[in-house]
Amino acid sequence: MEQPSSVDMKAYGSVTVCALVWGTTWYAITFQLGETHAAISVILRFGLAALGLAAVAKLMKNTLSLTRAQHLAAAGQGLFAFAVSYYFVYAAEEKIASAVVAIMFAALAFVNLILFRLLSRQKASAGAWIGAILGVVGVAVLSAGEITGAGLGDHAVTGVVFAFVAVMASAMGNWFAWRGQQAGAQVLPATAWAMGYGTAFLTLYALATGISWHVDWSVAYVGSLLYLAVIGSVLTFGLYFTLARNYGYALASYISALTPPIAMLVSIVFEGARFGLPAFAGLVLVLAGQIFMSRAPRKSAA
């Protein structure tokens, strides 16, 4: 079998790092829930992350200036990917288990393929579709017991709906990120601005609705906030959107299909969860989908 090129190895490395980190952030978010309103936690996370990513961009001698078209794309990305999506992720985790929310994000690659086809007339290869579908099916098999065990009462159903909204918003955020790429925006400055816009939108929402700005200053809250902002946002989103630009948003978003198994492993270690044979079958399907997605030809316009 032909060995992957160095560029391919960089892509696999980015996928691995993002999957490992985001596989743990679902659990880290649980330390953000409670005393502090979800919107405030997201504002703090991406406000810090925006400043951190802007500092990294300056160190790498990237200009932070954007054109009007690039700002519009960054604003759309910020609204959907960092404001709406993450607000609903945090809200969903207040109602259902974090692993269940992670599971639902396995559908992101599939939603991306449909969205980019509808809005930008981009065609995806059969391999990309197969990979995305295998990811969804694999994670569903892996986690069937978890979803069933959640007990879909009114409280849980609301959480599932919130998670679904988060997935759809994340896909829209990816599309706006692609629009910024088409407008010539650099990855780090555009993502920093997008995080800043997302923070601004949520701040306006919090002010308009009278949300309490009380912050939990406990070690657990502050520690998880710093981990989510620096490792879970600055590092991973820089890698994610770089990967997306070089290899397409379908492959990049397939990270969302790889994170649930990691999230479940974290749950086993820290929460004492137990999974049976379906977990192994699902994992095989997820990894098979990864192979299809990584080897699929890039998208093209219709």
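Select Lys61 to begin, and you will find this residue in the loop between H2 and H3. The model you are looking at is a predicted one. Lys61 is exposed, with a relative accessible area of 76%, and this value lies over the 50% that marks an exposed residue. What is the phi of Lys61? The angle is near 60°, a positive value in a residue other than glycine. Most residues other than glycine have a negative phi.

Now step back along the chain to helix H2, which covers residues 38-59. With 22 residues at 1.5 Å a residue, helix H2 should span 32 Å, and its end C-alpha atoms are indeed 32 Å apart, so the expected and computed spans agree. Lys61, with its positive phi of about 60°, comes just after H2.

Next, colour the whole chain by secondary structure, which shows 12 helices and two strands. Reading from the N terminus on, the order of the elements is α-α-α-α-α-β-α-α-α-α-α-α-α-β. The protein chain has 302 residues, of which 50% count as buried. Among the contacts with a separation of 6 or more, 90% are between residues 24 or more positions apart.

For one helix to look at in detail, select H5, residues 108-120. Helix H5 has 13 residues and reaches 17 Å from its first C-alpha to its last, which is close to the 18 Å expected at 1.5 Å a residue. Which residues of H5 are buried? They are Leu108, Ala109, Val111, Asn112, Leu113, Leu115, Phe116 and Ser120. Just after H5 you will meet Arg121, where phi is positive, at about 55°.

Move on to Met195, whose place is in helix H8. Is Met195 buried or exposed? Its relative accessibility is 0%, so Met195 counts as buried. If you show its surroundings and leave out residues up to four places away in sequence, you will see that Met195 touches Phe46, Ala49, Ala50, Leu53, Phe82, Ser233 and Phe237. You can also draw a line from the C-alpha atom of Met195 to that of Ile43, a residue 152 positions away along the chain, and the separation is 9.4 Å.

From here, select the aromatic cluster formed by Trp22, Phe46, Phe82, Tyr86, Phe237, Tyr240 and Phe241. Three members of this cluster, Phe46, Phe82 and Phe237, are among the residues that Met195 touches.

The structure as a whole holds 18 aromatic pairs. For one of them, select Phe88 and Phe162, whose ring centres are 5.4 Å apart and whose planes stand at 70°, so the pair is edge-to-face, given that planes over 60 degrees apart count as such. This pair links distant parts of the chain, since Phe88 is in helix H3 (residues 68-93) and Phe162 is in helix H7 (residues 154-182), 74 residues apart. Phe162 is partly exposed, with a relative accessible area of 22%. Another pair to select is Trp175 and Phe176, with ring centres 5.2 Å apart and planes at 75°, so this pair is edge-to-face. Trp175 is buried, with a relative accessible area of 12%.

While helix H7 is in view, select Val165, which lies in this helix. At 29% relative accessibility, Val165 counts as partly exposed. Leaving out residues up to four places away in sequence, Val165 touches Val84 and Phe88. The C-alpha atom of Val165 is separated by 9.9 Å from that of Tyr86, a residue 79 positions away along the chain.

Then turn to Ser14 in helix H1, residues 6-29. Ser14 is buried, with a relative accessible area of 14%. Apart from its neighbours within four places in sequence, Ser14 is in contact with Leu239 and Leu243.

The last stop is Asp216, in the loop between helix H8 (187-209) and helix H9 (219-247). How far from Asp216 is the nearest side chain of opposite charge? That side chain belongs to Arg45 and is 16 Å away, and Asp216 is buried yet has no salt bridge. If you show the backbone nitrogen of Ser218, you will find it 3.0 Å from a polar atom of the Asp216 side chain. Setting aside neighbours within four places in sequence, Asp216 is in contact with Glu35, Thr36, Tyr221 and Val222.

Note on methods: Residues numbered from 1 in each chain as written. Predicted model: local features only at pLDDT ≥ 70, side-chain atom pairs only at ≥ 80, totals over all residues. Heavy atoms only, no water. Phe/Tyr/Trp six-rings, centres within 6.5 Å; stacked < 30°, edge-to-face > 60°. Helix = DSSP H or I, 4+ residues; strand = E, 2+ residues; numbered from the N terminus. Buried < 20%, exposed > 50% of the residue type's maximum accessible area, 1.4 Å probe, protein only. Lys, Arg positive; Asp, Glu negative; His and termini not counted. Salt bridge = Lys/Arg side-chain N within 4 Å of Asp/Glu carboxyl O. Polar contact = N/O pair within 3.5 Å; in protein donor to acceptor, adjacent residues only side chain to side chain. Contact = heavy atoms within 4.5 Å. Expected span 1.5 Å × (residues − 1).
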